[in-house]
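Colleague: I'm new to reading protein models, and I'd love to go through one with you. Could you take me through it step by step?

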Amino acid sequence: MSRELRELPVPEGLEGVRVDQAVARMFGLSRTVAAELIGDGEVTMDGDPVVKSTRATATAWLSVLLPEPPTAAAGPEPELVDGLTIVYADDDIAVVEKPVGVAAHSSPGWSGPTVIAGLAGLGHRISVHGPAERQGVVHRLDVGTSGLMVVAKSERAYSRLKRAFKHREVDKRYRAVVQGHPDPLRGTIDAPIDRHPGHVYKWAVMASGRASVTHYDTVEAFPAASLVDVQLQTGRTHQIRVHFSALRHPCVGDLTYGADPTLAAKLGLERQWLHAYRLGFVHPGSGEAVEFRSEDPPDLAHALRVLRGTE
């Protein structure tokens with residue numbers, strides 16, 4: 001496949017910014033790829049070679065020899081994944097409902113189904129940015145957590161969505177059923193999270209950890225538990241589960257983080273009651289605000305009815 005030479009005038013809004021930033025934004029590339037192209041002499045401005053620190057000049061013509069995309073063989077083998085539902089898809093993104101028991105992407109120690117392989121099995125081409133096993137992945141959900149995920153299909157979508165998640169411009173909302181009744185009923189959990197010192201696969205609130213902020217609001221209270229609406233300000237691994245466990249209100253069914261196994265069995269739960277039900281962001285292609293919602297899956301809906309006494 002031949003490489004494509006693209007030429008565009010620098011817009012006035014990018015006057016004075018570093019040329020590697022301008023290339024990344026204008027051509028939908030990551031900053032790393034843009035820097036590599038500049039270092040290889042494949043970027044010129046008004047015909048002159050540039051370095052990363054060169055400042056872009058409005059109306060100047062920026063020429064870029066785009067990288068050749070890797071072959072599809074670099075990614076995971078396509079497979080059909082039970083329960084993986086496409087909520088929305090176009091040339092830039094695919095929004096899916098991830099079922100429990102499915103990982104976002106392959107990783108050491110995980111041989112089960114993945115969202116990326118499932119999308120490939122349904123015929124979707126995914127962005128080639130990122131390591132082969134994680135191409136197109138801009139955020140993740142735990143294997144034991146269901147709900148909405150967006151995956152980048154185009155290179156510009158990958159760059160723009162990664163930036164949006166990094167700058168906390170994405171509205172991520174979860175529904176969780178936690179044990180007991182949080183006090184106060186509405187609040188913010190601001191506690192750093194790091195790897196648990198005694199368990200390889202667990203995380204914990206640790207002074208040495210990365211800043212982590214979770215906002216919550218109690219929606220409904222039951223004798224032994226509460227339904228809460230959760231908004232993430234940061235997106236650390238296991239963040240909701242760790243934060244509520246630290247408050248001594250673990251997600252119901254989350255035995256890893258101290259949930260009561262008797263209550264989980266009563267509700268018929270084999271995983272934590274946690275569902276990513278709402279996802280909002282600026283579409284990386286159209287620039288318009290989009291929002292997607294997901295209903296509670298059957299096992300979580302059943303547990304909720306038992307708590308309400310309607311089943």
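Modeller: Happy to! A residue is called buried when its relative accessible area is under 20%, exposed when over 50%, and partly exposed in between. Keep in mind that this is a predicted model.

Colleague: Then is R173 buried or exposed?

Modeller: The cut-off for buried is under 20%. R173 has a relative accessible area of 18%, so R173 is buried.

Colleague: Which residue shares a salt bridge with R173?

Modeller: The partner has a relative accessible area of 18%, so this residue is buried too. Its side chain meets that of R173 at 3.0 Å, N to O, and the partner is D171.

Colleague: Which residues are linked in a network of salt bridges?

Modeller: We have already met a salt bridge between D171 and R173. Both belong to the network, whose members are D171, R173, D229, R278, E291 and R293.

Colleague: How many residues apart in sequence are the parts that R308 and E220 tie together?

Modeller: The side chains of R308 and E220 meet in a salt bridge at 2.8 Å, N to O. R308 lies in helix α7 and E220 in strand β12, so the pair ties together parts whose separation in sequence is 88 residues.

Colleague: Is E220 buried or partly exposed?

Modeller: Buried would need a value under 20%. E220 has 25% relative accessibility, so E220 counts as partly exposed.

Colleague: Which residues of helix α7 are buried?

Modeller: Helix α7 covers residues 298-308. Its R308 has a relative accessible area of 40%, so R308 is partly exposed and does not join the list. The buried residues of α7 are L300, A301, A303, L304, V306 and L307.

Colleague: What covers the buried residues of α7?

Modeller: Both strands and a helix take part in the cover. It includes β7, β8, β13, α6 and β14.

Colleague: Let's turn to F27. Which residues is F27 in contact with, leaving aside its neighbours within four places in sequence?

Modeller: F27 lies in helix α1, residues 19-27. At 10% relative accessibility F27 is under the 20% cut-off, so F27 counts as buried. Its contacts beyond those neighbours are R6, L8, L62, V64 and L66.

Colleague: And for the whole chain, what share of the 311 residues is buried?

Modeller: The chain has seven helices and 15 strands. Its C-alpha atoms fill a box of roughly 70 × 40 × 40 Å along the principal axes. Of the 311 residues, the buried share is 49%.

Technical notes: Residues are numbered from 1 along each chain as its sequence is written. This is a predicted model: local features need pLDDT of at least 70, side-chain atom pairs count only at pLDDT 80 or more; totals for chains, interfaces and linings use all residues. Side-chain values use heavy atoms; hydrogens and water are left out. Helices (H or I, at least four residues) and strands (E, at least two) are DSSP runs, numbered from the N terminus. Buried means under 20% relative accessible area, exposed over 50%, partly exposed in between (1.4 Å probe, protein chains only). Contact means heavy atoms within 4.5 Å. A salt bridge is a side-chain nitrogen of Lys or Arg within 4 Å of a carboxyl oxygen of Asp or Glu.
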